[in-house]
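Biologist: I am new to this structure and would love a close look at one part of it. Could you pick a helix, walk me through it, and then show me what lies around it and elsewhere in the chain?

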Amino acid sequence: MSDQQNWWQRLRWAGMLLPGVLAMSGPVLAVEEPSISQMLGQKLMLDLRYYCDEAVAAGRCRTPLTSLPPQLASLISEHNIGGVILFAENLQDSAQIIRLNRQLQQAAASSALAQPLFISIDQEGGRVARLPRQLGTSFSGNMAIGATYPLHGSHFAQAVGGILADELLALGINVNFAPTVDVNVNPQNPVINVRAFSEDPGVVATLGSAMTDAMQQRGVIAALKHFPGHGDTHIDSHLGLPRVEHSRQQIDQVDLLPFAEIIRSSNPGMIMTAHIQYPALDSSTFSGKDGQQMLKPATLSRAILHDLLRQQLAYNGVIVTDALDMAGISHFFSPHEAVIATFAAGADIALMPVKLQNPAELADLAALLSALEQAVASGQLDRAELQASYQRIIALKQQYPLLPAGSAAGQLAKAAKILGSPMHRQVELALAQAAITQIALNSKPQPKPLTLAAGNKIVLLMPDSNKAAALRLALQQQSPQPLNIVNLSLLQDDLSEASKLLAQADVVVSGFITPMPSLAEIGGMDDIAAMGPLAARYQRQQQDFLNLLSQLRQQQTPHVYISLRAPYDAAIYGQYADLVLASYAYNSDDNAIAAGDPGATYTALARVLLGQTSASGSLPVTVLPAAALQPSSVAEAAR
């Protein structure tokens, strides 16, 4: 490395580049030609979610990595690793997060290239938020923002993007895998749904561009996902290989439109690939590790990543894969084959290419790099394309303030002022309030808002005790007079008492979550063992809920139904209610509730339920008739 480059790195590490000022304002430095191995190391983004000091069976380590072990620090330095991804398990409080990220950057600074790390995270807002909710501001998510668009335009997309960036950068996190710009046109989509802004590609493009601009102007690299579009799937790519049978015209007008518009207007630093088959874009096949012939998913398709994204859409930024341990890839390829194939297709960065969860697995990284070097030597990977990819990565690193400014103590003091600040919480509540939507079902006349009054016995029928407690607390806080509220949780094994309480109720407020949380929301493939029991419990909850709703209809008890997640389920459960609301979110935290904070979503709902404000949001998606989305279909989508 040249003296000039070392000087540049020392300036960054010493904090002389201010965190709000992009390095693009300074000189663009020429980068000396590194070795093949060094370039390949920059193209890997490692998963550090868990690490066990002693050898354990593959996939069984569940010890969160909250401080960087010397073995992993050496691995990052030795192999010139380009980036890491952090999960909720890595993140406890500001001091710990800052210390971990500084350890990571110090390990990278000790490498031969001394290039800073991309430290990435999935902090979309709403259901996909990795920072502890009591620490950072998590917001209500993209579909809530979409619900505010008719009245507020791109205001909340800009505000949320800026706040997310400020909070992440204060902790030393410099890449956010957001915004999601998939166009959710499939009501049974198990993995995107409320993570999408809208079913209207133009609205998605406008809001996605506003959020991208806000994040990048504040110094955090945005990563659009999931290219070329995950909005019309009924399979979670964590669990299988989805296939989108759209025509090329439909793909251009719906799936690709947000990506194309945001590339033109906002120059996103990264775009994330989707493990999805698009036969209209690439009908070529590959032979999986079991010998089965399959259509190439986008992550492995040169026609999609190079010909379409690079050439037709003229994208010059960094292409990063979705996690390569997801079943949409790992069921068909070995880790080495998957990384070689995606690099040959045109991806710049392989996300989570190998597991490194205990000392016995650390050698797998060297083995992967050796296989990649052999692929370059044999011509399987083109050397000129490798060099161009490396230059894209380095150019992006030079454009953003990847390293923290000043001392750790100074960084912690600044983070304490920024994360979850009163101003940020005010924006969180304003978004939640503006998003609450009253849904008028075709089969029902426009209902009058119900007002909850003192003296009435109010029963809250919620998916679990946490959500019931959050709504109860919010109602008690917002009501000028005491309320008689009883909580009911659908997680009870015996609901006979619930039936008795409902029979005595003057007003019932119920809520449900459709579909059940996906692996993307829970964390990732390390959580797959929990999905079977979760799905069984969820289906039991569905049936119990429908039985209780039938009782309410027979009793003719005044009833408000709240769609707490994807509003499509209003067609099913809303037909049992007099008033139907959608919140698009159900964020709550036990510790926060105990401290007297029910969360922005429940505060906003309470104000509407008490008649203190109207539900001013607008549905960003079409709620189909109940016959088009029966409970059995909802349960199937949850599997």
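Modeller: Happy to! Let's start with helix H16, residues 422–435: its 14 residues reach 20 Å from the first C-alpha to the last, close to the 20 Å expected at 1.5 Å a residue. Please keep in mind that this is a predicted model.

Now look at which side chains of H16 are hidden. The buried residues are His 424, Val 427, Glu 428, Leu 431, Ala 432, Gln 433, Ala 434 and Ala 435. An α-helix has 3.6 residues a turn, so residues three or four places apart point the same way. You can follow that idea by eye along His 424, Val 427, Glu 428, Leu 431 and Ala 432, which are among the buried residues of H16.

What do these buried residues pack against? Their partners are the helices H5, H6, H15 (408–418) and H23 (600–609), together with the strands S13 (437–438) and S18 (579–582).

Two of those partners, H5 and H6, also meet each other. The axes of H5 (residues 142–152) and H6 (residues 155–171) come within 8 Å and cross at roughly 130 degrees. The two helices are therefore oblique to each other. On the H5 side, the contact is made by Ile 145, Thr 148 and His 152, while H6 brings His 155, Phe 156, Ala 157 and Val 160. Sorted by character, the residues of this contact are 4 nonpolar, 3 polar and no charged.

For another helix to set beside H16, turn to H4, residues 94–109. With 16 residues at 1.5 Å a residue, H4 should span 22 Å, and its end C-alpha atoms are indeed 22 Å apart, so the two values agree. The N-terminal end of H4 is capped by Asp 93, which has a side-chain oxygen 3.2 Å from the backbone nitrogen of Ala 95. The buried residues of H4 include Ile 97, Ile 98, Leu 100 and Leu 104, and also Asn 101 and Arg 102.

The loops deserve a visit too. In the loop between strand S6 (175–176) and helix H7 (201–217) you will find Pro 179. The peptide bond leading to Pro 179 from Ala 178 is cis, with omega near 5 degrees. Asn 193 is found in the loop between S6 and H7 as well. This residue has a positive phi of about 35 degrees, although it is not a glycine. Asn 193 counts as buried because its relative accessibility is 0%.

Further along, Met 352 sits in the loop between strand S12 (350–351) and helix H13 (363–377). Met 352 is not a glycine either, yet has a positive phi of about 55 degrees. Its relative accessibility is 7%, so Met 352 counts as buried. Another cis peptide bond runs from Thr 514 to Pro 515, with omega near -10 degrees. Pro 515 lies in the loop between strand S16 (507–512) and helix H19 (519–522).

For a contrast, find Asn 591 in helix H22, residues 590–594. Asn 591 is exposed, with a relative accessible area of 57%. The C-alpha atoms of Asn 591 and Arg 133 are separated by 9.9 Å, although these residues are 458 residues apart along the chain.

Finally, step back to the whole chain. Its secondary structure comes to 24 helices and 18 strands, and buried residues make up 62% of its 639 residues. Among contacts with a separation of 6 or more, 80% are between residues 24 or more positions apart.

Key: Residues numbered from 1 in each chain as written. Predicted model: local features only at pLDDT ≥ 70, side-chain atom pairs only at ≥ 80, totals over all residues. Heavy atoms only, no water. Axes fitted to C-alpha atoms, helices over the stretch in contact; angles between N-to-C directions. Helix = DSSP H or I, 4+ residues; strand = E, 2+ residues; numbered from the N terminus. Parallel < 35°, antiparallel > 145°, perpendicular 65-115°, else oblique. Contact = heavy atoms within 4.5 Å. Nonpolar A, V, L, I, M, F, W, Y, C, P; charged D, E, K, R; others polar. Expected span 1.5 Å × (residues − 1). Buried < 20%, exposed > 50% of the residue type's maximum accessible area, 1.4 Å probe, protein only. Polar contact = N/O pair within 3.5 Å; in protein donor to acceptor, adjacent residues only side chain to side chain.
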